[in-house]
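Thanks for passing this one over. Have a look at the picture first, then read my notes beside it.

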Amino acid sequence: MQRKSATVLPGFGLSLGITCTYLSLIVLLPLATVFTRTAQLSGSAFWNTVTDPRVLASYRVTFGASFLAALVNTVFGLLVAWVLVRYRFPGRRIVDAMVDLPFALPTAVAGIALTTLYASNGWIGQYLEPLGLKVSYTWVGITVALIFIGLPFVVRTVQPVLDDLEVEVEEAAASLGAGRWQTFSRVVFPTVAPALLTGFALAFARAIGEYGSVVFISGNMPMKTEIVPLLIITKLEQYDYAGATAVALVMLVASFALLLTINLLQWAARRRMAV
Amino acid sequence: MATAVLPRSATTAPRAVVRATGESRTVRWILIAIALGFLSLVLLVPLLLVFVQALSKGLPAYWEAIKEPDALSAAKLTLLIAAIAVPANLIFGVAAAWCISKFAFRGKHLLITLIDLPFAVSPVISGMIFVLLFGAHGWFGPWLAEHDIKVIFAIPGMVLATTFVTAPFIARELIPLMQEQGTEEEEAAIVLGAGGWQTFFRVTLPNIKWGLLYGLILCNARAMGEFGAVSVVSGHIRGETNTLPLHVEILYNEYAFAASFAVASVLTLLALVTLALKTLVEWQQRRAMSDAAEVFTTPERIAA
């Protein structure tokens with residue numbers, strides 16, 4: 001590490017100038033409107049808007065479904081990552097590539113496909129409905145859409161850590177008499193846990209803001225299946241800009257807090273690796 | 001299958017699973033079966049459904065839905081938006097990666113965090129902020145109305161919202177890559193008399209081309225597929241301010257399911273092409289890295 005202060009390379013002023021100007025105009029100035037707009041509201045008006053029963057219900061739907069979906073993704077994401085890293089089977093590389101589908105597929109397409117799939121006459125919905133499980137137009141459907149959206153986050157965060165895991169450590173555990181399950185729960189799992197937590201947080205963060213894939217399947221019933229992003233759009237369409245901005249501010253603060261947590265988790269994981 | 005023919009780099013060679021640390025055959029196959037079952041249910045079945053639904057009214061109807069004027073104009077607008085947003089973010093991404101990776105300065109970590117910001121913002125809020133800025137009641141609303149310029153519910157707003165949402169993609173890909181590569185090669189070029197741009201195009205660009213391509217592919221996919229942000233700022237006017245994802249929504253809400261899925265299948269094909277390209281680039285990148293490792297694994301390099 002001998003990064004010196006004086007360098008012969010040109011272009012510092014130009015590149016930093018472009019970066020800062022672009023970032024200010026495209027990202028920071030527009031985002032600032034949320035804060036200046038909300039500042040125009042009085043404290044009590046802000047509080048009343050963001051704690052309105054319909055808004056509170058939408059927080060419950062969004063955060064509840066996002067949490068559940070991230071949890072399901074954590075369990076299955078770990079399993080998928082494990083299978084992809086440890087085992088060899090025909091078609092493994094194609095399956096590996098397919099994991100990124102939710103990143104590449106436009107959310108509206110995912111939305112209409114999942115809604116049709118789980119509707120009462122859909123391929124999957126027709127078998128679930130007789131069992132008393134309605135998916136499309138309920139919070140279950142919202143969770144299903146969020147599972148689809150969040151899956152790659154967990155798999156892609158856990159995969160490199162599993163890949164780097166030294167086989168020797170497991171051999172040592174085995175030679176000291178640990179069973180396979182014991183080796184996994186005592187040796188492998190603690191190593192993977194920080195990455196798993198990061199993956200959970202990333203999937204959760206993506207889910208609370210998600211709109212396109214959820215809006216078709218949710219049914220959008222106020223108080224029941226209305227997600228926060230949809231509530232913001234509804235307020236905007238009614239020209240209730242102050243209300244939309246106040247709710248958006250709450251969501252932004254939640255997202256930034258999550259972003260900070262994720263960065264801290266990754267920083268801690270890197271430190272642990274370095275030691 | 002084509003994948004089997006492609007050469008494997010040393011880094012992806014299957015790790016020999018030692019008996020003592022492997023699971024029994026039965027456990028292994030049960031785990032594989034559960035994982036593949038889950039992935040089929042979550043990924044494969046929806047994918048299949050798109051194509052089956054798209055063709056449910058037959059091939060002529062499918063073709064009709066795709067070459068209908070409104071669908072074509074939506075496709076054109078989608079391409080136009082991507083053609084502006086992606087190059088803009090390319091210039092931004094390269095500039096950001098250059099100053100962050102090649103120079104030391106205060107506030108670098110803050111800058112990296114700020115670049116990441118759009119990833120943390122809900123698409124709906126990404127659209128909303130441009131309404132607050134340029135809408136009728138926004139900061140610049142009255143001025144824009146006076147000069148008869150339409151930004152919101154028109155194409156400029158859709159371009160801006162898409163640019164915001166896709167801003168981090170290329171920068172995020174290039175920053176770690178260029179940080180890892182350091183500054184030695186560029187410094188050598190400059191010392192030997194090359195100009196700044198010459199150094200960038202002859203030395204830096206060949207080193208980052210795969211990472212750059214990877215970022216471009218992901219940025220483009222998101223730009224063409226963005227729904228939430230664009231939906232907020234679009235006027236939803238058929239034939240004018242409709243992109244392909246918005247056209248899918250309109251058809252679906254009109255109960256024109258087969259047509260909706262037909263248009264959706266075009267976007268799905270785009271996603272599959274994106275995945276294929278992305279995977280190819282990943283393999284190339286890995287191969288380039290292992291080739292470089294072979295060339296440079298000289299004793300001095302290891303000692304350094």
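Below are my numbered points, mostly about chain B.

1. **Ground rules.** This is a predicted model, where local features need pLDDT of at least 70, side-chain atom pairs count only at pLDDT 80 or more, and totals for chains, interfaces and linings use all residues. Residues are numbered from 1 along each chain as its sequence is written, while chains are lettered from A and ligands numbered from 1 in the order in which they are written.

2. **How confident is the predictor?** Here pLDDT is the predictor's confidence in each residue, from 0 to 100. Chain B has an average pLDDT of 88, and 89% of its residues reach at least 70. For the model, ipTM is 0.91 and pTM is 0.90. Go easy on two stretches of chain B, though: residues 1-18 stay under 50 in pLDDT, and so do residues 298-304. Two residues are in contact if their C-beta atoms, placed from the backbone, lie within 7 Å. Beyond four places in sequence, the model has 16 contacts for residues 1-18 and two for residues 298-304.

3. **The overall fold of chain B.** You'll find 15 helices and zero strands in chain B; helices (H or I, at least four residues) and strands (E, at least two) are DSSP runs, numbered from the N terminus. A residue is buried if 20 or more other C-beta atoms lie within 10 Å of its own, exposed if 12 or fewer, and partly exposed in between, with C-beta atoms placed from the backbone. By that rule, 43% of the 304 residues of chain B are buried. Of the chain B contacts with a separation of 6 or more, 77% join residues 24 or more positions apart.

4. **Two domains.** The assignment splits chain B into domain 1 (17-54) and domain 2 (55-303); bounds like these come from an automatic or database domain assignment. Taken over C-alpha atoms, the centres of domain 1 and domain 2 of chain B are 31 Å apart. Where they meet, six residues of domain 1 of chain B contact 10 residues of domain 2 of chain B. The domain 1 side of that meeting has five nonpolar residues, one polar and no charged. For those classes, Ala, Val, Leu, Ile, Met, Phe, Trp, Tyr, Cys and Pro count as nonpolar, Asp, Glu, Lys and Arg as charged, and the others, Gly among them, as polar.

5. **Where the chains touch.** How many residues of chain B are in contact with chain A? There are 77, and they contact 74 residues of chain A. Helix α2(B) supplies the largest share of the chain B side, 16 residues. By class, that side divides into 56 nonpolar, 14 polar and seven charged residues.

6. **The core.** A nonpolar core is a set of buried Ala, Val, Leu, Ile, Met, Phe, Trp, Tyr and Cys residues joined through C-beta atoms within 7 Å. The largest one has 165 residues, and those touching the most other members are Val109(A), Ala145(A), Ile232(A), Ala248(A), Met128(B) and Val263(B). Helix α4 (residues 69-102) of chain B gives the most to this core, 16 residues. Domain 1 (17-54) and domain 2 (55-303) of chain B both contribute, so the core lies between them. Leaving out residues up to four places away in sequence, Val263(B) touches, among others, Ala65(B), Leu244(B) and Leu251(B).

7. **Two covered helices.** Try α8 (residues 155-166) of chain B as a ruler exercise: at 1.5 Å a residue its 12 residues should span 16 Å, and its end C-alpha atoms are 17 Å apart, which agrees. The expected span is 1.5 Å times one less than the number of residues. In α8(B), 10 of the 12 residues are buried, including Gly157(B) and Phe164(B). In α13(B), eight of the 10 residues are buried, so this helix is largely enclosed by the rest of the structure. Among them are His247(B) and Glu249(B).

8. **Loops worth a click.** Is Tyr255(B) buried or exposed? Tyr255(B) is exposed, because 8 other C-beta atoms lie within 10 Å. Tyr255(B) follows α13(B) and has a positive phi, near 65°. Tyr137(A) also has a positive phi, about 70°, although it is not a glycine. Tyr137(A) sits in the loop between α7 (125-128) and α8 (139-164) of chain A and is buried, with 20 other C-beta atoms within 10 Å. Finally, Ser56(B) is in the loop between α2 (25-54) and α3 (59-67) of chain B. Its C-alpha atom is 6.5 Å from that of Ala258(B), 202 residues apart along the chain.
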